[in-house]
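Colleague: I should like to go through this structure with you, one point at a time. Please give the reasoning behind each reply.

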Amino acid sequence: MSHFEERLSRAQGLLVAEGVGLLVISPGANMRYLAGFTDEAGERALLFFVPPEGEPAFLVPELYAAQVEKRAAFPPTHVWRDSQGPRAALEDILRAFPGGKVLVDDAMPAKDLLLLEELLPQAAFRPASPLMRRLRMRKSPEELSAMRRAAAIADRAFQAISARPLSGLTELEVAKALEEEMLKAGAEGAAFEILVASGPNSALPHHRAGRRRIEPGDVVILDFGCRVDGYCSDITRTLVLGEPPARVRELYEVILAAQRKAVEAVRPGLPAQEVDRAARGVIAQAGYADHFTHRTGHGIGLDVHEEPYIVEGNTLPLEEGMTFSVEPGIYFPGEFGLRVEDIVVVTEEGAESLNNCPRTLRCVG
Ligand code: CO
Ligand code: CO
């Protein structure tokens with residue numbers, strides 16, 4: 001059985017168990033996961049239909065038909081032409097609909113959903129995310145192998161960049177250099193817009209990268225990752241240009257201890273929020289609770305941010321094969337911020353870090 005047949009059979013098992021009549025997937029990570037093909041969600045309807053039993057249907061615009069035929073795990077069963085529009089093909093697919101609930105991809109373009117609603121006026125439409133998350137959260141050995149490669153490439157890019165003098169470069173130039181290192185090492189591209197936050201910008205957890213020039217004395221946060229076979233990596237390391245002041249050193253030890261404590265807490269069966277509490281506890285004890293202004297982590301896989309979220313209120317028990325970030329940070333507005341982030345996978349005994357480059361506060365030129 002191929003990966004995709006196995007995924008289809010698990011999806012159909014859940015559809016039957018929950019009395020769902022149809023699962024409809026639009027372009028994005030879910031389509032890549034279930035059908036082995038994706039594209040940008042564009043103006044033309046490209047939809048993958050999973051019934052509770054039997055073969056899936058693939059509604060494909062004519063100009064994608066050859067690509068889907070070649071690359072997807074399932075054939076394009078319903079090809080529609082620009083001169084016709086998708087309606088007739090869609091009606092043909094929906095003729096087999098047994099009634100009941102329809103689960104739709106949360107990222108489905110509204111125009112596609114509106115058409116589905118028009119053609120199935122009796123159906124109850126629900127988001128597919130709760131079902132998709134059950135399928136995607138635990139990674140298979142093949143998925144983990146892609147994630148390990150993506151993490152190793154990010155680790156190496158960090159080692160390469162932190163060995164160079166950064167003083168005088170703009171944040172954007174450093175971001176570009178990180179991306180080039182990852183491409184050279186075989187990545188498909190950056191997994192998300194690379195964050196390079198220098199000086200006071202480092203106090204803004206979601207500062208991207210701008211034209212500010214990095215100067216001696218700056219704290220610099222690098223937060224980046226790449227894709228390998230569609231799977232993402234995501235790492236954060238903090239650098240200092242020159243000798244860090246004692247206060248920066250001490251605070252860095254706090255987030256490092258918080259991250260270690262959180263990673264050590266990970267084990268199967270532990271509610272996700274306990275990992276957040278472990279990190280937060282260390283930072284609160286040091287007196288900086290108010291400076292840790294975001295959740296401790298997020299799941300990662302085909303999407304950079306996916307379930308499980310490592311956040312207070314998420315009681316979902318961790319399971320072997322789940323992958324997520326552990327990324328505590330502290331921020332002092334107008335001054336600087338510090339963060340460290342690794343991706344871990346839940347194992348039988350605890351957690352294995354996919355990122356392995358040094359976590360110490362790196363002093364560079
Ligand atoms: Co990150
Ligand atoms: Co992250």
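Colleague: Which residues coordinate the cobalt ion (ligand 1)?

Modeller: This is a predicted model, and the contacts described here are computed from it. The donor atoms of the cobalt ion (ligand 1) lie at 2.0 to 2.7 Å. D223 appears twice, each time through OD, while D234 contributes OD and E341 contributes OE. The coordinating residues are therefore D223, D234 and E341.

Colleague: Is the site of the cobalt ion (ligand 1) tetrahedral or irregular?

Modeller: Four donors count as tetrahedral if all angles lie between 85 and 135 degrees. The angles among the 4 donor atoms of the cobalt ion (ligand 1) run from 53 to 147 degrees. Because this range does not meet that criterion, nor those of the other regular geometries, the site is classed as irregular.

Colleague: How are the donor residues of the cobalt ion (ligand 1) spaced in sequence?

Modeller: The pair D223 and E341 links distant parts of the chain, 118 residues apart. D223 belongs to strand β9 (residues 219–224), and E341 to the loop between β17 (336–339) and β18 (342–346). The spacing of the donor residues is D-x10-D-x106-E.

Colleague: Which residue coordinates both the cobalt ion (ligand 1) and the cobalt ion (ligand 2)?

Modeller: The cobalt ion (ligand 1) and the cobalt ion (ligand 2) are 3.0 Å apart. Both ions are coordinated by one residue, D234.

Colleague: Is E341 buried or exposed?

Modeller: A residue counts as buried under 20% relative accessible area. D223 has 7% relative accessibility and thus counts as buried. The relative accessibility of E341 is 0%, so E341 is likewise classed as buried.

Colleague: Which strands stand at the edges of the sheet β7-β10-β11?

Modeller: This open sheet has 3 strands, and the pairing is antiparallel. Strand β7 is joined to strand β10 (residues 226–228) by 2 bridges, and A190 stands opposite C226 in β10. Each edge strand has a single partner, so one side of each is left without a neighbour in the sheet; these strands are β7 (189–190) and β11 (231–232).

Colleague: What is the handedness of the crossing of α7 and α8?

Modeller: Helix α7 (residues 141–162) and helix α8 (residues 171–184) pack with their axes 9 Å apart, at an angle of about 130 degrees. The two helices are therefore oblique to each other. Their crossing is right-handed.

Colleague: At what angle do α1 and α6 pack?

Modeller: Helix α1 (residues 3–17) and helix α6 (residues 129–136) have axes 10 Å apart. Their crossing is right-handed. Angles over 145 degrees would count as roughly antiparallel, whereas α1 and α6 are oblique to each other. The angle between them is about 140 degrees.

Conventions:
Residues numbered from 1 in each chain as written. Chains lettered and ligands numbered in written order. Predicted model: local features only at pLDDT ≥ 70, side-chain atom pairs only at ≥ 80, totals over all residues. Heavy atoms only, no water. Donors = N, O, S within 2.8 Å, 3.2 Å for Na, K, Ca; no water. Tetrahedral: all angles 85-135°; square planar, octahedral: opposite > 155°, others 65-115°. Helix = DSSP H or I, 4+ residues; strand = E, 2+ residues; numbered from the N terminus. Buried < 20%, exposed > 50% of the residue type's maximum accessible area, 1.4 Å probe, protein only. Pairing = 2+ DSSP bridges. Axes fitted to C-alpha atoms, helices over the stretch in contact; angles between N-to-C directions. Parallel < 35°, antiparallel > 145°, perpendicular 65-115°, else oblique. Left-handed = near helix turned anticlockwise from the far one by under 90°.
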